[in-house]
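Please study the sequence and the three-dimensional structure shown here before reading on. The briefing below is meant to be read alongside them.

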Amino acid sequence: MKEQVEQVLGAVGARAWAHAVDLDSGEEVGYGEDGLVVLASVFKIPVLVELFRRFGDGRLDPAERIDVPVEGRSAGPTGLSVMADPIELSLRDLAYWMMSVSDNAATDLLVDLLGTEAINATLRELGLTATRVDGTCDDIYQSIYEDVPDEQAGPEVWRAARAVDPERSLQAGTPREITRLLAAIWNDEAAPPEQCAEMRRILSLQAWPHRLRSGFTEPDARVSAKTGTLRFWRNEVGVVETGGRAYAVAVFVRSDSYEYRIPAADACVGTVARIAVDHLRGVETRRRPRSTARAATPGQIRDHARELGADIWLHARDLANGRSVGVGESTPVVTASVLKVPVALELARQSVAGEIDLTERVTVPPGGVPSPYGLSVQRDHTVISYRDLAQLMIVISDNVATDLVIDRVGKDRVAALLAELGLTATAVPQNCAEILASLEEDLGISYRDDERELAEVPLERLQALRALVPGVTCRTTPEEITRLLAGIWRDEAAAPEACALVRGWMGDQVWPHRLTSGFPGDDIVVSGKTGTLPLVRNEVGVVEFADGGRYAVGVFTRADDPSPNAPHLDALIGWAAANAVAQLRDERP
């Protein structure tokens, strides 16, 4: 195992500390498993445990309501931290946001409620002597501001910061102790059984597929996990259930690079976890080689996609001069959740026109339109503004939020907007509930928008779904979607204030595994919107370079592989976009 891990690490210039344990047999394997590491947001698991222990013994009511104002929220890239208006929700739903999208604002509210002294006492009671939580997310940020006062500081300044040094950081632990904590949750030892079951549910709802989950692509594999990211550190810990067994895994990777976006280092987490679990299973690890293909022509992009078992349609447009490159760019394609871009634009237009007050709040009950993330999976009702519904619609593709927005703006008004913009091949005839209902009717099942539920469905039945036929569902062409994006980025699709709203929402999208994966490094800004249906993986967005170059890109794929988790097909989107944009940049005068 050691040789395999070091080969993986050497390829990306990184170090790692890892531990895995078979939760049934107790057999374990490690690589630096007792080394002290920076937890980053993995520290939110001890917070979760302390919270649910209090739910279990009655010290706290999980349904207690919390009204969260805008002022005083902790900074962060996701969740309540980036919402624009006050929100009201329950304590247990705060816990969901803390874990699902690593919401710093939600986390700090809970840490302040519980106290770090109590969190650490629980860790000691559970036998974790090296793991500590000595501050909030905001405390971590404050230490960074003190140690790195210049945002443009180089890597040497960052390497000296307390936050990235496990001996001096406010939160630290070891891989072996973290798997012990996970085992306690899975064995109903960390809290009463009902509370452990709810913690397991919440961990299963994490949004990100680009680290731990990328290593486990079997149709029956289920990964429940928590990421952690802090400059050099890229971590993920969780429980992998596959082949009828469960494995607690903790992988902490420290890259030599201090940039945030390093897709190869993210993938390293999944690969190391896979090696460890396969060692416990006594099977050989088979790795899919990373693509090193380069495309000089649209035909080569199409050919490489076919080698991976997918059809691809794309269009990339230089926003400065209108030059473009495409692969089947005039072909009608299914949008899936890309439909949410024109819906967001119409909401923004109506708000600027004074027809809708974006600060108006609506009460959203739990359940409703199935969605893998967001309001649908919360336990209690939430009071939230239309502006923040739009943010959820784009940032985590929340289906409940989307249909509330569509109901408010009207499908007819979205259609009128598209007609006014001359986008005759783009249409939004269905909302999310209607698309999912057609899937249920065609398959004869109750479908919760979780492709793992389709593992036993034959490929030919999936290929015949009406939701995959552009003529009867939400649709566009790659060329039209980049025309729409160009209008939004040039303030031509609506009033500048409306376009700015949409750009802001798209800039906050959480997923780095598709379009963004093709543009590593911190000097490129990617704003996007994904779309996913059985066999379909899409993303559209705008890529902005430090030299001022801006490129609208739309990539739509349809695979022969029904696997719900296919990292190589997600990466195809970023690869194709990067090659298309590279061709345009080569053409720039």
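The points that follow describe sheets, helices and one loop residue.

The model is predicted. Its elements include an open sheet of five strands and an open sheet of three strands. Strands of a sheet pair through backbone hydrogen bonds, either parallel or antiparallel.

**The five-stranded sheet**

- The order of the strands across this open sheet is E2-E1-E10-E9-E8, and their pairing is antiparallel.
- The edges are taken by strand E2 (28–31) and strand E8 (222–230); each has a single partner strand, so one side of each lacks a neighbour in the sheet.
- On average, and with direction ignored, neighbouring strands of this sheet are turned by 10° against each other.
- Strand E9 (residues 233–242) and strand E10 (residues 245–255) run antiparallel and are joined by ten bridges.
- Glu236 has Val251 of E10 as its bridge partner.
- Helix H8 (residues 175–186) packs on the sheet and touches strand E1 (14–22), E2, E8, E9 and E10. The direction of H8 makes about 150° with that of E10.

**The three-stranded sheet**

- Here the strand order is E3-E7-E6, again described by antiparallel pairing.
- Strand E3 (37–38) and strand E6 (132–133) stand at the edges with a single partner strand each, so one side of each has no neighbour in the sheet.
- Two bridges pair E6 with strand E7 (residues 171–173) in the antiparallel sense.
- Val133 has Gln171 of E7 as its bridge partner.

**Helix H4 and its surroundings**

- Helix H4 (residues 104–114) is mostly covered, with eight of its eleven residues buried.
- The buried residues of H4 are Asn104, Ala105, Ala106, Thr107, Asp108, Leu110, Val111 and Leu114.
- Among the elements that cover these buried residues are helix H2 (44–57), helix H3 (91–100), helix H5 (116–125) and helix H6 (137–147).
- At the start of H4, a side-chain oxygen of Asp103 comes to within 2.9 Å of the backbone nitrogen of Ala105.
- Gly115, just after H4, takes a positive phi of about 85°.

**The pair of helices H2 and H3**

- The axes of H2 and H3 come within 10 Å and cross at roughly 165°. Angles over 145 degrees count as roughly antiparallel, and H2 is therefore roughly antiparallel to H3.
- The crossing of these two helices, H2 and H3, is left-handed.
- On the H2 side, the residues that meet H3 are Lys44, Ile45, Val47, Leu48, Leu51, Phe52 and Phe55. On the H3 side, their counterparts are Leu91, Arg92, Ala95, Met98 and Met99.

**Asp188 in its loop**

- Where is Asp188 found? Asp188 lies in the loop between H8 and helix H9 (193–203).
- Is Asp188 buried, exposed or partly exposed? Buried means under 20% relative accessible area and exposed means over 50%; Asp188 counts as partly exposed because its relative accessibility is 31%.
- Leaving aside neighbours within four places in sequence, Asp188 is in contact with Pro193, Cys196 and Arg200.
- The side chains of Asp188 and Arg200 are joined by a polar contact of 2.9 Å.
- Asp188 and Pro175 are 13 residues apart in sequence, and their C-alpha atoms are 20 Å apart in space.

How values were computed. Residues numbered from 1 in each chain as written. Predicted model: local features only at pLDDT ≥ 70, side-chain atom pairs only at ≥ 80, totals over all residues. Heavy atoms only, no water. Pairing = 2+ DSSP bridges. Helix = DSSP H or I, 4+ residues; strand = E, 2+ residues; numbered from the N terminus. Axes fitted to C-alpha atoms, helices over the stretch in contact; angles between N-to-C directions. Contact = heavy atoms within 4.5 Å. Buried < 20%, exposed > 50% of the residue type's maximum accessible area, 1.4 Å probe, protein only. Polar contact = N/O pair within 3.5 Å; in protein donor to acceptor, adjacent residues only side chain to side chain. Parallel < 35°, antiparallel > 145°, perpendicular 65-115°, else oblique. Left-handed = near helix turned anticlockwise from the far one by under 90°.
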